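Reader: I'm new to this one. Can you walk me through it, a piece at a time?

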Amino acid sequence: MLIWWQAASAMSVTSFLRYAIRLERKHVATHLVQQRALSGADAVNALRPFYFAVHPDFFGQYPREREVNENSLKRLNGYLDNLQKPGSCSVQPLKLTFYVRDTKDSSDVQPDLLTSGFRSVSFTLHTNDIYSTVMNVLKSCSLPMEHMKGLEASAERSKSPLEAGVPFYRPIKWDKSYYTFTGFRDPEQELQQARRVEPTLSLWLRNNEPEATKKHSDSLHRREELKRLKKELCHKFNLANIRWQRSWGVAHRCCQLQSLSRLSQQNPEALINLQGHTVVFADQSGMSASGHVMLGTMDVHHQWTKLLEQLPSYRSLQQQTDWLKERISLLLGGTQVVHVERLGPVQSITEHYSTLSTFHKSLMSRRLCLHPRSLQGLTMLLENDRSNPSLHKMGHFIIPTNCDPPKLQVFLQSHATEARQRTKRKNQLQAEEEAIVKLCLQNLSLRSLSKEPSVSSSQMIMCCKRLVEQHSPLMQGLHICVSHFYSVMQDGDLCVPWDWKS
């Protein structure tokens, strides 16, 4: 740090800052050019402007946009991980959508920004190296790319699989005075502000309960219409249920049901194949790994009709998927392959079948010596983006599709006892959570009480116990969603953080 101020004393502040910025860019570029290609750590550093523009922590007041960014970041990280795997020559194209917040001064605000201060950006990745992927992401989001200029020549010279280079020994972290002199926004400070301590629950309720009550009253006729349409469609076509992938508002959901109702009137025979299925309004049309029929909210009736006509073939594929699961369970001592939608992006039945088929062939190539019922009652998830098996805190195994069978057998047998204990604990927590939610609904006279998928059972239990103890009369008759932030939704639902302050 002393060297910096010695340099500053020998030149004007403006000259020094220009020198500092050039040195930062040269430091990053010089280090990266020394390698044949970008490593994972370099990619993270190069994408820092992007991460600060889309980080979910900055979208606390916008739960839908926050959820979109969280899911898209998971998929992007999986894409980057695949590019780093030895022998990986190509990956499947990946379509991503991000809500990008403005990180520039007000004079540079872009015209396509929403009134909330961010804009929606969609793009498709079909790159086969990390450098091109990083460039694509930055360019698509209209973010600075100056620090990437020194990498182009290096990336062109290297089209082979990435090799480990000298680790980037430190990210550049500027002194606070740098941001004071330049007027640039300090990203670390912004992140801290986004996580700043919230007000107490009682104070927040006093300030926001009137608004929530008014919005709820205004939405009552839409809620009744939604309830009527859902009941009518389920009864008419013998549907198991109708659900939504995202937390859309009541008006949005009504529009989707009205669209499906119009299709049933115009082409009633097309919906006959839906009998017995759960319909999920999602980002894209198809059948999920769980066997639910997904209707893309951006698709038109023609695309829905085409999907419904293909349902018999999808059901056949689902039967083959179930058969593969049974065969895998027999080979792995009774361990069941499961698919948990809330833990990640919705997976199609086609992708799920392909994953199961690849894993089954791997098991058949080297028979394992497991007793047929030695691992009965245990569950596992298959993931293409993972390299090593692991045990989740909720008791299920997470297994790479290409896991070596002998290595898998050793892992399953050595972790079986711990897996059973964690599964038992998970079941106990779920039962306790269900009981405390019922108590909370009754004691506080709530209309509904739900939680975001990212809120664990233990967090929900702690939150509900404290709500019962506080017994705030301001919550009576409201719809409450336990989340990580405070927010009044468009239909009057209230989001409260699970760790609210008293």
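Author: Sure. Keep in mind that this is a predicted model. Let's start with one pair of residues: S450 stands opposite C481 in β12.

Reader: Which strand pairs with β12 there, and in what sense?

Author: β11 does. β11 and β12, residues 479-483, pair in the parallel sense over four bridges.

Reader: What order do the strands of that sheet take?

Author: The order is β11-β12-β14-β13. Four strands form this open sheet, and the pairing is mixed.

Reader: Which strands stand at the edges?

Author: β11 (448-451) and β13 (487-488). Each has a single partner strand, so one side of each is left without a neighbour in the sheet.

Reader: Which helix lies across β11?

Author: Helix α16, residues 457-470. Helix α16 also lies across β12 and β14 (494-497), and runs at about 145° to β11.

Reader: New topic. What does β10 pair with?

Author: Strand β8, residues 379-383, pairs with β10 in the parallel sense over four bridges. In that pairing, E383 stands opposite P400. Strand β9, residues 390-391, pairs with β10 in the antiparallel sense over two bridges. Here S390 stands opposite I398.

Reader: How many residues lie between β9 and β10?

Author: Five. The two strands form a hairpin, and G395 in the turn has a positive phi of about 100°.

Reader: Are the faces of β10 covered or open?

Author: Both faces are covered. F397 and I399 are buried on one side, I398 and P400 on the other.

Reader: And where does T401 lie?

Author: In the loop between β10 (397-400) and α15 (405-444).

Reader: Buried or exposed?

Author: Buried. T401 has 6% relative accessibility, and buried means under 20%, so T401 counts as buried.

Reader: What does T401 touch?

Author: Leaving aside neighbours within four places in sequence, T401 is in contact with T355, T358, F359, E383 and N384. With N384 there is a polar contact of 2.6 Å between the side chains.

Reader: Switching again. How many residues are in the largest nonpolar core?

Author: 29. I242, L257, L271, L274, F281, L295 and L308 touch the most other members. Elements that each supply at least two residues of this core include α10 (201-237), β3 (241-244) and α11 (250-266).

Reader: Take I242. What does I242 touch?

Author: Not counting residues up to four places away in sequence, I242 touches K230, L233, C234, L257, V279 and F281. Of these, L257 and F281 are also among the core residues that touch the most other members.

Notes. Residues are numbered from 1 along each chain as its sequence is written. This is a predicted model: local features need pLDDT of at least 70, side-chain atom pairs count only at pLDDT 80 or more; totals for chains, interfaces and linings use all residues. Side-chain values use heavy atoms; hydrogens and water are left out. Two strands pair if DSSP finds at least two bridges between them. Contact means heavy atoms within 4.5 Å. Axes are lines fitted to C-alpha atoms, for helices over the stretch in contact, and angles run from 0 to 180 degrees between N-to-C directions. Buried means under 20% relative accessible area, exposed over 50%, partly exposed in between (1.4 Å probe, protein chains only). A polar contact is a pair of N or O atoms within 3.5 Å; within protein, one must be able to donate a hydrogen and the other to accept it, and residues adjacent in sequence count only if both atoms are side-chain atoms. A nonpolar core is a set of buried Ala, Val, Leu, Ile, Met, Phe, Trp, Tyr and Cys residues joined through side-chain atoms within 4.5 Å.
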